[in-house]
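Here is a short report for a reader meeting this structure for the first time. Please look over the sequence and the model before reading on.

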Amino acid sequence: MARDSAIYVCQSCGNVHNKWAGQCGGCGQWNTLVQETYNTPPGGLKAETPGKISRLNQLQFETLESEDAIPVRMVTGIDEFDRVCGGGVVPGSAILIAGDPGVGKSTLLLQVAASAALKNLKVAYISGEEAVEQIRGRAGRMGLAKAPVDLAAETALRTILEALKREKFDLVIIDSIQTLWSDAVEAAQGSVSQVRACAGELVRLAKKQSTSIIMVGHVTKEGQIAGPRVVEHMVDAVLSFEGERGYPFRILRGTKNRFGATDEIGVFEMGDAGLREVPNPSALFLGDGHERASGSAVFAGIEGSRPVLVEVQALVAPSAYGTPRRAVVGWDSGRLAMILAVLEARCGVGFGQKDVYLNVAGGLRISEPAGDLCAALALVSALTDVPLPRDCVVFGEISLSGDIRSVSRAEGRLKEALKLGFSSAVTAQSVAENAPLQVRGFTTLVDAVTSLFPQG
Ligand code: TYD
Ligand code: MG
């Protein structure tokens, strides 16, 4: 038995210290060190017996080629979810689903569990957050009560592991990893050591008996998955579930996937009966399929690590006062002034005695220069009352000389536009090669304006 020894673990980065300190030497955060005790050797709940160790010491090499057939992915039947996983869940894989509280992680996973169970997979749903009655009530409201899912409310890791070893499941859902607690680690529930130990044991079990495990992970205020990054390294896939407050739309996005691409997204709409899949999300941005109004343009932007499409709306009206108004929502007023000046000086498009309003839909803020071209085209469209093509996105930076510059991650923006149902893009000339959708590239703003608004 190993001697109990105190260690101090940073709750922010997971760095381990021998002595308490006010500041973590690893990440520089203050007051994040918490005392924890280890009484287990690294690597498992129980100490390895000498026999096992000697067997472990004999390393066996294998060939790259496998004699067994590649395991077939388990298709859960929730298409948007399956696609983000890379075409279904790989048997024996561990997936972490992260998202803000209330975004709908439990709802999504209950639907995944029910759908998979109805496809004759053996599924367990283990909740450490809600009582069985609460989950039953939700399943009833969503019309899933008849699905043969094995439901349990449990937080003790040992009990869960024993049950999963006794009965072999295809898919196990753990909601959430922060509520689990292992008696082998003397640290508070939800602490870095507990989360790390519990995730480690579950991943090991997943690999050993080919049970796929989906874990819910909470995110902190800063948007990071609580607990050390090490959990993200342990699992095979990390999917984040995101949604803007006040909107029913939810996006499931892969940020890591050992078995598939990470630029796939799944789109859902939260309703009274749970999440509805949105197979054609362009509807969210284009309304009911009519021609888009003049003054509106869709910007293919990047928010942090993720591409997002946003509608930019402009309104130009005759000014009633001597000094015309320039008002912005979600946009920088200095950049609006610059764009208006470039339009006037380089393209001969004047807004002199007119009020100009620029609004970014959905309460978003665009701060990247890649939005310049979109704002400029929305403004010209509003001025001339000529709408832009319906299914086109716009991005590109405008220089003071009136040139259109290419921007970073053009391919990611185009892929997102394609995924969301757009079929063309207006951007810098240099992006046109190898693009996944039709690109109308321009080198100067005046070319773009004269080509898109010939009669204006
Ligand atoms: P939940 O799945 O509990 O979120 P999480 O597990 O990520 O914390 O979802 C909670 C929210 O979803 C809650 O605010 C209510 C809403 N919701 C609906 O709008 N419709 C529904 O059918 C369900 C089940 C939840
Ligand atoms: Mg939940």
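A residue counts as buried under 20% relative accessible area and as exposed over 50%, with partly exposed in between. Glutamate 269 has 24% relative accessibility, so this residue counts as partly exposed. Keep in mind that the model is predicted.

## Glutamate 269

Glutamate 269 sits in strand S12. The side chain of glutamate 269 makes a polar contact with the side chain of arginine 276, at 2.5 Å. Arginine 276 is also among the residues that glutamate 269 touches beyond four places in sequence. The others are Pro248, Phe249, Gly274, Leu275 and Val278. Isoleucine 251 is 18 residues away from glutamate 269 along the chain, and their C-alpha atoms are 8.7 Å apart.

## Around ligand 1

Strand S12 (265-271) returns at the ligand. Together with helix H3 (105-118), strand S12 is listed as supplying at least two residues each to the shell around ligand 1. Which element gives the most to this shell? Helix H3 does, with three residues.

In total, 15 residues surround ligand 1. The closest are Gly102, Ser106, Thr107, Gly271 and Gly274. Sorted by class, the shell holds five nonpolar, six polar and four charged residues.

Backbone atoms of three residues lie at these distances from an oxygen atom of ligand 1:

| Residue | Distance to an oxygen atom of ligand 1 |
|---|---|
| Lysine 105, backbone N or O atom | 2.7 Å |
| Aspartate 272, polar backbone atom | 2.9 Å |
| Valine 103, polar backbone atom | 3.4 Å |

How much of ligand 1 does the protein cover? On its own, ligand 1 has 560 Å² of accessible area, and the protein covers 71% of that.

## Two buried loop residues

Threonine 179 is in the loop between strand S7 (171-175) and strand S8 (185-186). Is threonine 179 buried or exposed? Threonine 179 counts as buried because its relative accessibility is 14%. Apart from neighbours within four places in sequence, threonine 179 is in contact with Gly128, Glu129, Thr155 and Gln189.

Serine 191 is in the loop between S8 and helix H6 (192-209). Its relative accessibility is 7%, so serine 191 counts as buried. The side chain of serine 191 reaches the backbone oxygen of alanine 188 at 2.7 Å. Neighbours within four places aside, serine 191 is in contact with Gln11 and Glu36.

## Nonpolar cores

In soluble globular proteins, nonpolar side chains tend to be buried together. The largest nonpolar core in this model has 62 residues. Which residues have the most contacts inside it? They are Leu343, Leu377, Leu379 and Leu445. Helix H10 (residues 372-384) provides the largest share of this core, nine residues.

Leucine 343 is in contact with two of the residues just named, Leu379 and Leu445. Its contacts beyond four places in sequence also include Gly348, Val349, Phe351, Ala376, Val380 and Val449.

A second, separate core has 32 residues. Among them are Ile97, Leu110, Val123 and Leu275. Leu275 has appeared before, as one of the residues that glutamate 269 touches.

Technical notes:
Residues are numbered from 1 along each chain as its sequence is written. Chains are lettered from A and ligands numbered from 1 in the order in which they are written. This is a predicted model: local features need pLDDT of at least 70, side-chain atom pairs count only at pLDDT 80 or more; totals for chains, interfaces and linings use all residues. Side-chain values use heavy atoms; hydrogens and water are left out. A residue is near a molecule or strand if one of its heavy atoms lies within 4 Å of it. A polar contact is a pair of N or O atoms within 3.5 Å; within protein, one must be able to donate a hydrogen and the other to accept it, and residues adjacent in sequence count only if both atoms are side-chain atoms. Accessible areas come from the Shrake-Rupley method with a 1.4 Å probe; for residues, only the protein chains shown count as cover. Helices (H or I, at least four residues) and strands (E, at least two) are DSSP runs, numbered from the N terminus. Ala, Val, Leu, Ile, Met, Phe, Trp, Tyr, Cys and Pro count as nonpolar, Asp, Glu, Lys and Arg as charged, and the others, Gly among them, as polar. Buried means under 20% relative accessible area, exposed over 50%, partly exposed in between (1.4 Å probe, protein chains only). Contact means heavy atoms within 4.5 Å. A nonpolar core is a set of buried Ala, Val, Leu, Ile, Met, Phe, Trp, Tyr and Cys residues joined through side-chain atoms within 4.5 Å.
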